[in-house]
Amino acid sequence: MVNDNTNTTKLQELHAPPKPVVVYGTIFVLLFLPLVLSTPLATEILIWAIFGMGFNLLLGYTGVLSFGHAAYFGLGAYSSGLAFRYLDASLPVGIAAGVLAPMLLACFIGALAIRKRGVYFAMISLAFAQMLYFLALSPLKHITRGEDGLTHIPAMAIFSFSLGKPLPLYYFVLVVTGVMLFVTWRILQSPFGKLLQAFRENEERAKACGYNTTMVKFWSLVISAFYAGLAGSLNTVYLGYVPLTTLFWLTSGTMVMMTILGGKGTFLGPLVGVGVFLFLQNTISLITPRWELFVGAIFVAIILLFPGGIMGTLEEKMMAYRMKRASK
Amino acid sequence: MLLRTEKICKYFGGLKAVDEVDFVLKKGQLKSIIGPNGAGKTTLFNLIAGAYLPTKGKVFLKDKDISRFTLNRVSRLGVVKTYQINHIFPTLSVFENIRIAAQVRKTSFNFWRHAASYKEVNELAEQIMTQVDLQEKRNWPASTLSHGERRYLEIGIALATRPEILLLDEPTAGMSCAETNQCADMIKKLNTELGLSIVLVEHDMSVVMSISEEILVMNEGRTLVEGTPREVSDNEEVQRVYLG
């Protein structure tokens, strides 16, 4: 019996949400990222990691595939960009616009389509994203500048601290990323976060327990749109312009790939997936213009080695090891 | 009268799965539904639990019409079903499986507070773990449990929502003889010690005869006989349908 108890304590770590040290440790490591990678690449990684964290909340933890997350990312990017360019909005106001608009869109899409399941929901989100893409491409050309993307966005400053230079911008984005890592961590160990996972595991049973599962899905989507909008908005600040491709379906597809590569349903998966993806893309595209070919081959190799994504498979292995030790 | 159905019907196309069944459950009663395969037992269950909408007829819980209520609303009112085929949360730990059900009456959409800080929820979950005898497996993923243990977890999840009426759908399905007896004892205990009203669908006649107060026999979607175990087993009609 004594033995049993120690085993139980050992195993307790299995399902515990990430320890605080993981969250703070990650932020600490990211402090030094510009020393290893070029600062713009590091900034891009953080921005996409925020997008990825939100997407992972929906795909990895709630088990809902949206194939149109570019809609929220792009709408966030455009909302901020338009506010900066035409309304001379300050940084916080612009970001607020870039976060609120996608959340409202998510409420709308959610209200219409959230009852649809699996591939139907994925396709409906794709359709909405493509609608936005074509809206920005031509009917709204006079304000979005169509194919050229939205240019002439002034450099931003916060507390009279210019974000025009790469390094200050990186640390600004890092602060936001740190906050979002922390928020994600809190969400995951909250009753709502646990409910998301229960929903993913067995929707029918979650319902039988008395939960309104439609609302679970709905809020997961809206929160996810918050992350995507925030990332899109930061992307605008980072690039100083909004490319039309932020709304394109390829952006959604890339996000799905990054999340799966890093390990969906793991805390650090999106960050790792985004990091690996963008690093490979940047490095290999310097050598050859046909970088997709090589990056694609590397992904195939990674997924063969890590079927659950990089972090996903590592976690599985760790768990198998602990279970083996506990049952000895 | 705690729960009552009034001429309830469920048709799937031309098939009358449940046809004008009047089912009555008194408070604190342990009542079983038996019948040959395809008699409509599980369908009747699902109608009561809100998993299916009735084609005709009504379901009343303490005189409140709950016929059109969805599964989650009925569950919140305290009528909770278990599943014939295990419906658990496989990758979550055994404790988490029960805890998630236990938090339903306390909180569900709080996304900031730490789930472990809800003391009442945790205490309830721990207590249920003891009731279904799974403490030793506390932190194991539910997918690693044996079949018998999963059946217990299945009941544990339902219990954790603090139901007033527990609908058990073949709880002993696939269990060994010894496990079945143990499980029957537990069900009886839930009924007598916790005062839960229980509706039981069961294939194992020895379980049904030994623990139920009353039995409803169904055949081809209709009520065949209703009565005490004694009356039912003496009934000629039942013997004909059941034993051929």
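**Chain B fold and the internal spaces of chain A**

Chain B contains nine helices and 11 strands. Its radius of gyration is 18 Å, close to the 18 Å that the globule rule gives for 244 residues, so chain B is as compact as a globular protein of that length. The model is predicted. The C-alpha trace of chain B spans about 55 × 40 × 35 Å along its principal axes. Of the 244 residues in this chain, 55% count as buried. Here a residue is called buried when its relative accessible area is under 20%. Contacts in chain B were also sorted by sequence separation. Among those with a separation of 6 or more, 66% join residues 24 or more positions apart. The surface that chain B exposes comes to about 10,400 Å². Carbon and sulfur atoms supply 50% of that area.

Empty space was examined next. Rolling a probe the size of a water molecule over the atoms shows where such space is left. The count comes to one cavity of 30 Å³ or more. About 30 Å³ of space lies in the largest cavity. Its lining is made up of A:M53, A:N56, A:L57, A:Y61, A:T184, A:L188, A:T266 and A:F267. Two elements of chain A, α4 (39–61) and α9 (166–189), give two or more residues each to this lining. Helix α4(A) provides the largest share, with four residues. By class, the cavity lining holds five nonpolar residues, three polar residues and no charged ones.

The second largest pocket has a volume of about 660 Å³. Its lining comprises 24 residues. Nearest the pocket centre lie A:W48, A:L250, A:T254, A:F277 and A:Q281. Several elements of chain A give two or more residues to this lining: α4, α12 (213–239), α13 (249–262), α14 (269–287) and α15 (291–305). The largest share comes from α13(A), which supplies six residues. The pocket lining divides into 14 nonpolar, eight polar and two charged residues. Helix α4 of chain A thus recurs: α4 is listed for the lining of the largest cavity, and α4 is listed again for the second largest pocket.

Two individual residues of chain A were then considered. A:L105 lies in helix α6, which covers residues 91–113. With a relative accessible area of 14%, A:L105 falls under the 20% limit and is therefore buried. Leaving aside neighbours within four places in sequence, A:L105 is in contact with A:A71, A:Y72, A:L75 and A:L132. One of these partners, A:Y72, is 33 residues from A:L105 in sequence. The C-alpha atoms of A:L105 and A:Y72 are 7.5 Å apart in space.

A:M318 belongs to helix α16 of chain A, residues 310–327. The relative accessible area of A:M318 is 48%, between the 20% limit for buried and the 50% limit for exposed, so A:M318 counts as partly exposed. A:M318 and A:V22 are 296 residues apart along the chain. Their C-alpha atoms are separated by 16 Å.

Note on methods:
Residues are numbered from 1 along each chain as its sequence is written. Chains are lettered from A and ligands numbered from 1 in the order in which they are written. This is a predicted model: local features need pLDDT of at least 70, side-chain atom pairs count only at pLDDT 80 or more; totals for chains, interfaces and linings use all residues. Side-chain values use heavy atoms; hydrogens and water are left out. On a 1 Å grid over the protein atoms alone, a cavity is a set of points where a 1.4 Å probe fits but cannot get out, and a pocket is an open set with protein on both sides within 12 Å along at least five of seven lines; lining residues have an atom within 4 Å of a point. Grid points are joined across faces, edges and corners, and a volume is the space filled by probe spheres set on the points. Ala, Val, Leu, Ile, Met, Phe, Trp, Tyr, Cys and Pro count as nonpolar, Asp, Glu, Lys and Arg as charged, and the others, Gly among them, as polar. The radius of gyration is taken over C-alpha atoms; the globule rule is 2.2 Å times the number of residues to the power 0.38. Buried means under 20% relative accessible area, exposed over 50%, partly exposed in between (1.4 Å probe, protein chains only). Contact means heavy atoms within 4.5 Å. Accessible areas come from the Shrake-Rupley method with a 1.4 Å probe; for residues, only the protein chains shown count as cover.
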